[in-house]
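Welcome! Let us take a walk through this structure together, one region at a time.

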Amino acid sequence: MSEAPLLEVSSLVKTYRLSGVGPFARRNVRPALAGVSFSIEHGRSFGVVGESGSGKSTLARIALALDRPDAGVVRLDGRSLFDLPARELRAMRVQMQMIFQDPYGSLDPRQRVERIVAEPLAALGRTTGAERRARVAASLEAVGLKASDALKHPHEFSGGQRQRIAIARALITRPRLVIADEPVSALDVSVQAQTLNLMSDLERDAGVTFLLISHDLAVVAHICRTTAVMYRGRIVEIGPTQALFSSPRHPYTLELVDATPRLDRPARVEPPPALPDAPADGCAYAPRCPYASAPCLDRVPTLAPAGEGGRRAACFFPLA
Amino acid sequence: MLLEVADLAVDLVTPDGWQRVVDRTSFSLAEGESLGVVGESGSGKTMTALALMALTPEGARVSGSIRFEGRELVGLEEEEMRQLRGDRIAMIFQEPMTALNPLHSVGAQVAEPLMLHRGLGKRDARERAVQLLERVRLAEPERAARSHPFALSGGERQRAMIAMAIGCSPRLIIADEPTTALDVTVQARILALIDGLRSESKMAVLLVSHDLAVIAGHCERLIVMYAGVIMESGPVETVLREPRNPYTLALLEARPRPGAPRDERLKTIPGAPPAQHEHRTGCPFAGRCALTVPICRTTPPPETQFGASHMSRCHRAAEVGFTR
């Protein structure tokens with residue numbers, strides 16, 4: 001079992017029916033995921049970047065078994081989640097936890113920290129009060145809070161501390177995989193740094209591997225060794241994070257890198273405007289792509305080797 | 001000078017009594033200039049922007065002076081302020097739906113200030129609205145004009161709101177986190193659009209953002225606010241290259257640097273910003289600041305000038321800026 005990847009998703013497909021209103025509504029049914037495959041090794045946090053509508057949040061929900069794919073497989077430690085009986089799935093879920101973007105909205109203000117943090121333990125079945133208190137204390141200490149904080153309410157903490165409480169809650173079942181959807185984007189810069197340092201520590205010391213979903217390339221680069229870039233339901237590029245962002249192979253990755261505001265260089269010129277609809281059969285990025293030519297409109301490019309470290313890009317004309 | 005703000009203070013009434021959320025704030029903005037205001041939550045950056053538009057919350061007390069085109073805005077009658085708003089000064093918000101009415105077509109809303117301030121008839125205003133939607137580069141402007149806001153994407157709505165803001169050729173645009181809710185690629189386009197409009201029509205832009213990098217790329221000058229006070233101000237390049245305030249330096253060092261080693265520790269700022277109800281003497285950053293000495297806790301720091309236009313409010317300003 002130990003040779004199986006921590007998380008493996010293969011050929012995930014998920015389609016939501018869109019019922020649009022108004023002249024600009026997109027009438028076609030667009031897949032949220034159109035065949036997504038990757039695997040995450042234990043101890044090697046993995047990043048997913050892409051814009052809204054790229055399918056990254058759908059991916060998170062399916063990886064957590066909160067939603068079923070139309071097709072495809074999710075394996076945790078080699079075991080296919082959607083083939084498990086309900087009872088075993090519940091047991092497997094303990095291995096995976098989630099951190100959300102908004103540390104304010106995800107904590108019930110009326111409950112004490114102890115109850116908030118202990119909540120995922122319910123899935124473990126019966127635990128004694130003493131065991132629960134010990135676990136809450138350990139979890140709070142793991143995120144740099146005090147065991148005595150368990151008796152306080154969320155409003156007694158600053159924004160950054162509240163995100164720590166949310167992380168403590170995610171850690172209480174001693175998960176091996178934590179899926180973090182924009183965990184720092186609502187935080188002030190100074191607090192963001194504390195949270196990112198904490199995530200690095202947890203990967204190193206607590207055996208937690210992160211699946212980090214973010215729009216912020218610098219945040220992803222700070223935590224994740226490997227990153228997948230998603231565009232309209234597909235991975236368009238995947239590989240070691242540093243290489244991916246320093247020399248993008250896919251034009252969309254380049255667009256993301258160029259669009260990211262940086263202190264050390266002026267903003268890049270305005271990229272070409274987005275066209276509303278992609279060709280039915282071709283590359284979804286073609287309408288925005290400055291390099292698109294004939295084959296891009298006829299066929300969907302698949303991920304192909306594009307450099308060292310297992311880099312792959314889904315582009316007929318990858319950048320050098 | 002287009003805009004001159006002197007000793008601006010904003011007090012809000014809270015359950016704990018009057019709280020000063022903007023204090024001792026002075027800055028100016030020339031015709032066609034772009035000024036960035038950066039700060040974390042509670043820094044007073046948004047309240048400063050709202051004070052310029054006389055849009056502070058009900059019951060707020062605004063004191064000091066805001067001179068716009070030579071005219072004093074503090075204490076101006078609401079009726080006179082309404083004449084200026086949307087005409088000489090316009091505002092762009094983070095969430096376009098705060099400015100757009102979901103029940104009316106985009107075209108009608110872009111046309112409205114033109115009828116109100118320019119006396120255009122309905123048909124002329126509508127025609128002009130379509131031109132404005134084209135100017136902000138909305139695809140299919142005529143169709144967009146007939147659409148309701150919810151039929152547009154977030155980026156399209158932001159463009160529609162900008163069209164509404166620039167209709168009467170304002171001399172000053174105040175943009176409060178205009179791209180924070182948008183994808184980075186859309187953000188880049190919207191900011192480039194604002195840059196373009198500024199250079200075409202010589203309007204001044206006050207850009208409020210939590211993101212130093214956004215301001216670095218789009219503004220000439222910069223104000224760094226903390227706990228309601230301007231900590232540092234000056235030309236963007238100078239402030240980023242040689243910050244003279246420990247808070248600015250801390251903000252710069254807390255960001256993950258592109259290309260840095262993956263497990264490099266980020267510098268953090270210990271503690272949390274002072275709560276609004278905390279009575280403060282001295283420097284608001286005292287205690288969290290690595291350079292804190294006793295005087296920082298007792299005496300408000302003086303404004304220290306470095307060259308003509310670079311100011312830092314710090315007792316130890318001369319010692320900052322050589323660590324980078």
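One place to begin is a loop of chain B. Glu140(B) sits in the loop between α4 and α5 (141–146) of that chain. Please keep in mind, as we go, that this is a predicted model. Although Glu140(B) is not a glycine, its phi is positive, at about 50°. Is this residue exposed or buried, or something in between? Glu140(B) counts as partly exposed, because it has 14 C-beta neighbours inside 10 Å.

Chain B offers another residue with a positive phi: for Arg24(B), which is not a glycine either, the value is near 50°. Here the setting is a strand, since you will find Arg24(B) in β2 (residues 17–29) of chain B. Arg24(B) has 16 C-beta neighbours inside 10 Å and so counts as partly exposed.

Now let your eye move to a pair of helices in chain B. Helix α3 (residues 106–118) and helix α4 (residues 122–135) have axes that come within 8 Å and cross at roughly 115°. The crossing of α3(B) and α4(B) is right-handed. On the α3(B) side, the contact is made by Gly107(B), Val110(B), Ala111(B), Leu114(B) and Met115(B). From α4(B) come several residues, among them Lys122(B), Ala125(B), Arg126(B), Ala129(B) and Leu133(B). What kinds of residue make up this contact of α3(B) with α4(B)? They divide into nine nonpolar, one polar and three charged.

Leu133(B) appears again when we turn to the largest nonpolar core. This core has 179 residues, and those touching the most other members are Ala168(A), Ile235(A), Leu133(B), Ala160(B) and Leu206(B). Helix α6 (residues 154–166) of chain B gives the most to the core, with seven residues. To see the surroundings of one member, look at Ala160(B) and set aside its neighbours within four places in sequence. Ala160(B) is then in contact with Pro96(B), Leu100(B), Val106(B), Val110(B), Leu133(B), Leu138(B), Ala144(B), Pro149(B) and Leu152(B).

Next comes the place where the two chains touch. How many residues does each chain bring to the contact? Chain B supplies 41 residues and chain A supplies 38 residues. On the side of chain B that touches chain A, the elements giving two or more residues are α7 (184–201), α8 (212–218) and α10 (246–254) of chain B. Of these, α7(B) gives the most, with seven residues. Sorted by class, this side of chain B has 20 nonpolar, 10 polar and 11 charged residues.

Let us cross over to chain A, which has 10 helices and 12 strands. Its C-alpha trace spans about 65 × 50 × 45 Å along the principal axes. A compact globule of 320 residues would have a radius of gyration near 20 Å, and the 21 Å of chain A agrees with that. Buried residues make up 44% of the 320 residues in chain A. Among contacts in chain A between residues at least 6 apart in sequence, 64% join residues at least 24 apart.

Our last stop is Asp281(A), in the loop between α9 (251–259) and α10 (294–298) of chain A. Asp281(A) is exposed, because its C-beta has 9 others within 10 Å. Not counting residues up to four places away in sequence, Asp281(A) touches Asp298(A) and Arg299(A). Where does Cys296(A) lie relative to Asp281(A)? These two are 15 residues apart in sequence and 8.8 Å apart in space, C-alpha to C-alpha.

Key:
Residues are numbered from 1 along each chain as its sequence is written. Chains are lettered from A and ligands numbered from 1 in the order in which they are written. This is a predicted model: local features need pLDDT of at least 70, side-chain atom pairs count only at pLDDT 80 or more; totals for chains, interfaces and linings use all residues. Axes are lines fitted to C-alpha atoms, for helices over the stretch in contact, and angles run from 0 to 180 degrees between N-to-C directions. Helices (H or I, at least four residues) and strands (E, at least two) are DSSP runs, numbered from the N terminus. A crossing is left-handed if the near helix is turned anticlockwise from the far one by less than a right angle, and right-handed if clockwise. Two residues are in contact if their C-beta atoms, placed from the backbone, lie within 7 Å. Ala, Val, Leu, Ile, Met, Phe, Trp, Tyr, Cys and Pro count as nonpolar, Asp, Glu, Lys and Arg as charged, and the others, Gly among them, as polar. A nonpolar core is a set of buried Ala, Val, Leu, Ile, Met, Phe, Trp, Tyr and Cys residues joined through C-beta atoms within 7 Å. A residue is buried if 20 or more other C-beta atoms lie within 10 Å of its own, exposed if 12 or fewer, and partly exposed in between; C-beta atoms are placed from the backbone. The radius of gyration is taken over C-alpha atoms; the globule rule is 2.2 Å times the number of residues to the power 0.38.
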